[in-house]
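Please open the model in your viewer, with the sequence panel beside it, and follow the stops below in order.

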Amino acid sequence: MSNQLKYVLDETQIPKFWYNLTADLPVPLPLVLHPGTKQPAGPADLEPLFPMALIEQEVTSEREIEIPEPIRDVYRMWRPSPLYRARRLEQALGTPAKIYYKNEGVSPAGSHKPNTAVPQAWYNKEAGIQRLSTETGAGQWGASLAFAGALFGIDVTVFQVRVSYDQKPYRRALMETYGARCIASPSDQTDSGRAMLALNPTSPGSLGMAISEAVEIAAKDPAVKYALGSVLNHVMLHQTVIGQEAIKQFEMAGDDPDVVIGCTGGGSNFAGIAFPFLGLQLRGGRKRRIIAVEPASCPTLTRGTYAYDFGDTAHLTPLMKMHTLGSTFMPPATHSGGLRYHGMAPMVSHVHELGLIEARAYHQKACFDAGVQFARCEGIVPAPESTHAVRCAIDEALRCKAEGKAETILFNLSGHGHFDMGAYINYFEGRMIDQNYDEGALATALSELPAVAA
Ligand SMILES: Cc1ncc(COP(=O)(O)O)c(C=O)c1O
């Protein structure tokens with residue numbers, strides 16, 4: 001069909017393996033270090049926080065990790081997700097480019113996050129764990145883990161960044177509907193939260209702070225494990241179902257992307273769409289442009305330093321080599337809570353350092369311009385985080401128009417924005433501002449990076 005709009009795989013075509021980019025990397029990933037000794041961290045160091053099956057996935061260099069059948073069975077609730085051709089957007093832009101997007105907003109929780117929440121909950125269940133603690137920025141990850149916890153009978157406690165807890169009561173209600181307990185962070189429930197409140201009683205919170213609280217709960221109670229919605233290798237791994245499906249869908253479409261785009265908070269939806277394509281390239285296939293898009297107010301890849309740093313504010317996590325703005329850096333509050341993180345996935349940082357991907361930063365108003373234009377053509381209201389990928393895709397399509405090139409552009413629509421309409425109201429009422437981060441605060445945070453022998 002020449003004017004086909006969507007490419008849909010059937011349930012039997014849900015990937016049977018997660019793809020591990022580590023196997024194809026030309027240079028191995030730097031090791032993770034113990035926060036105290038600064039020596040390489042072993043599986044035993046991670047055991048208080050994660051079940052052994054996930055720790056093994058964190059360190060393995062096997063190319064393919066089999067997806068257990070009970071997880072594929074849950075994936076069937078929304079996977080394979082559709083690949084769309086954005087023909088109406090192409091027309092509106094008057095571009096010769098072909099724009100495709102993978103719609104991860106079709107999951108029950110509304111984003112790509114259940115792709116890893118479900119396996120994380122399942123492996124914990126298999127290990128006999130009944131309680132999980134986690135953090136959430138925009139509420140998308142917390143809702144996803146709450147959903148997965150409901151399926152497998154696991155109690156979930158979510159530390160929600162204060163600013164999003166206040167701005168997004170419906171996202172909190174969604175988590176509670178799935179049965180999770182939701183606490184605004186910083187809170188008085190943990191030592192790290194109390195210390196942060198003592199410094200600033202009206203702190204808007206940050207992902208780094210909420211991670212400290214969730215990690216502390218798990219580290220202190222052997223009955224509780226911790227789950228992280230991004231950054232770690234096993235999270236990148238789980239998200240590769242996105243790109244693997246997209247490769248099959250492009251075969252159906254008889255097309256192949258020249259440019260692959262994803263927004264980046266901790267890096268997981270970007271890795272999910274990009275790594276399977278990057279793997280093809282590293283195994284001898286064609287080279288594509290792969291672009292990570294981040295907020296200009298929290299520009300981890302484009303402005304951060306590539307160094308060992310903590311994943312959280314209270315310095316409870318292992319040290320990871322990544323692009324970082326410094327773990328004490330407090331990014332300005334924006335409507336893209338899920339992109340407001342000081343660090344970046346070590347795997348995404350590594351491929352950026354190797355020159356295998358590009359990075360770009362946008363301010364939020366330009367992203368909402370793109371999100372609204374996309375909604376008016378394609379009908380789907382993107383999550384604020386996802387509007388960053390939409391902005392970049394539109395800019396690439398306009399570049400193609402200027403250059404008279406019919407390139408094929410693929411972006412990941414990581415989630416829908418139905419719980420973010422408050423942000424859209426701000427945008428329409430002219431109350432949205434583009435905030436710059438404080439250069440002085442960034443310099444201070446970077447000067448506080450932990451000293452690690454080269
Ligand atoms: C819809 C959506 N997109 C993107 C992100 C950013 O996370 P990541 O970079 O791990 O995909 C989030 C995080 O909460 C999100 O909710």
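Two strands are said to pair if DSSP finds at least two bridges between them, and this tour will use that idea at several stops. Keep in mind throughout that you are looking at a predicted model.

**The whole chain**

Begin by showing the entire protein chain as a cartoon, in which you can look for 19 helices and 15 strands. The radius of gyration is 20 Å, close to the 22 Å that the globule rule gives for 454 residues, so the chain is as compact as a globular protein of that length. If you turn the model along its principal axes, the C-alpha atoms fill a box of roughly 60 × 50 × 45 Å. Buried residues account for 56% of the 454 residues, and among contacts between residues at least 6 apart in sequence, 77% join residues at least 24 apart.

Now select residues 78-415, which UniProt, in an unreviewed entry, lists as "domain: Tryptophan synthase beta chain-like PALP". This span is 45% helix and 19% strand, and the C-alpha atoms at its two ends lie 13 Å apart.

**Strand E5 and its partners**

Next select strand E5, residues 98-103. Is this strand mostly covered or mostly uncovered? Strand E5 is mostly covered, since six of its six residues are buried. Both faces take part in this, with Lys 98, Tyr 100 and Lys 102 buried on one side and Ile 99, Tyr 101 and Asn 103 buried on the other.

Add strand E4 (residues 83-85), which pairs with E5 in the antiparallel sense over three bridges; here Leu 83 has Lys 102 in E5 as its bridge partner. Then add strand E15 (residues 408-413), which pairs with E5 in the parallel sense over six bridges, and look for Tyr 100, whose bridge partner in E15 is Leu 410.

**Lysine 113**

Move along the chain from E5 to Lys 113, which lies in the loop between strand E5 and helix H5 (114-126). UniProt places the feature "modified residue: N6-(pyridoxal phosphate)lysine" at this residue, again in an unreviewed entry. Why does Lys 113 count as buried? The reason is that Lys 113 has 31 C-beta neighbours inside 10 Å, while a residue is called buried if 20 or more other C-beta atoms lie within that distance of its own. To see some of its surroundings, select Gln 140, Trp 141, Ser 144 and Gly 229, with which Lys 113 is in contact when its neighbours within four places in sequence are left aside.

**A parallel open sheet**

Which strands form the open sheet to visit next? Colour E8, E7, E6 and E9, and you will find these four strands in the order E8-E7-E6-E9, with parallel pairing. Strand E8 (181-185) and strand E9 (224-226) stand at the edges, each with a single partner strand, so one side of each is left without a neighbour in the sheet. Looking across the sheet, you can follow a twist that averages 25° from one strand to the next. Zoom in on strand E6 (residues 131-136), which pairs with E9 in the parallel sense over three bridges, and find Ser 133, whose bridge partner in E9 is Tyr 226.

From E8, step back to Gly 179, placed in the loop between helix H8 (169-177) and E8. With 14 C-beta neighbours inside 10 Å, Gly 179 counts as partly exposed, and its contacts, apart from neighbours within four places in sequence, are Ala 146, Gly 149 and Ala 150. You may also draw a distance line from Gly 179 to Ile 154, which is 25 residues away along the chain, and whose C-alpha atom is separated from that of Gly 179 by 9.3 Å.

**The nonpolar core**

In soluble globular proteins, nonpolar side chains tend to be buried together. The largest nonpolar core in this model has 128 residues, and those with the most contacts inside it are Ile 261, Ala 274, Ala 393, Ile 409 and Phe 411. Helix H10 (residues 207-220) gives the most to this core, with eight residues. Select Ala 274 and then the residues it touches beyond four places in sequence, which are Gly 243, Val 260, Gly 262, Ile 290 and Ile 357.

**An antiparallel pair to finish**

Finally, select strand E13 (residues 319-324), of which five of the six residues are buried, so that the strand is largely enclosed by the rest of the structure. Strand E12 (residues 305-310) pairs with E13 in the antiparallel sense over six bridges, and in this pair Thr 305 stands opposite Thr 324.

How values were computed:
Residues numbered from 1 in each chain as written. Predicted model: local features only at pLDDT ≥ 70, side-chain atom pairs only at ≥ 80, totals over all residues. UniProt positions renumbered as here; feature names shortened; annotations may be inferred. Rg over C-alpha atoms; globule rule 2.2 N^0.38 Å. Buried ≥ 20, exposed ≤ 12 C-beta atoms within 10 Å, placed from the backbone. Contact = placed C-beta atoms within 7 Å. Core = buried A, V, L, I, M, F, W, Y, C linked by C-beta atoms within 7 Å. Axes fitted to C-alpha atoms, helices over the stretch in contact; angles between N-to-C directions.
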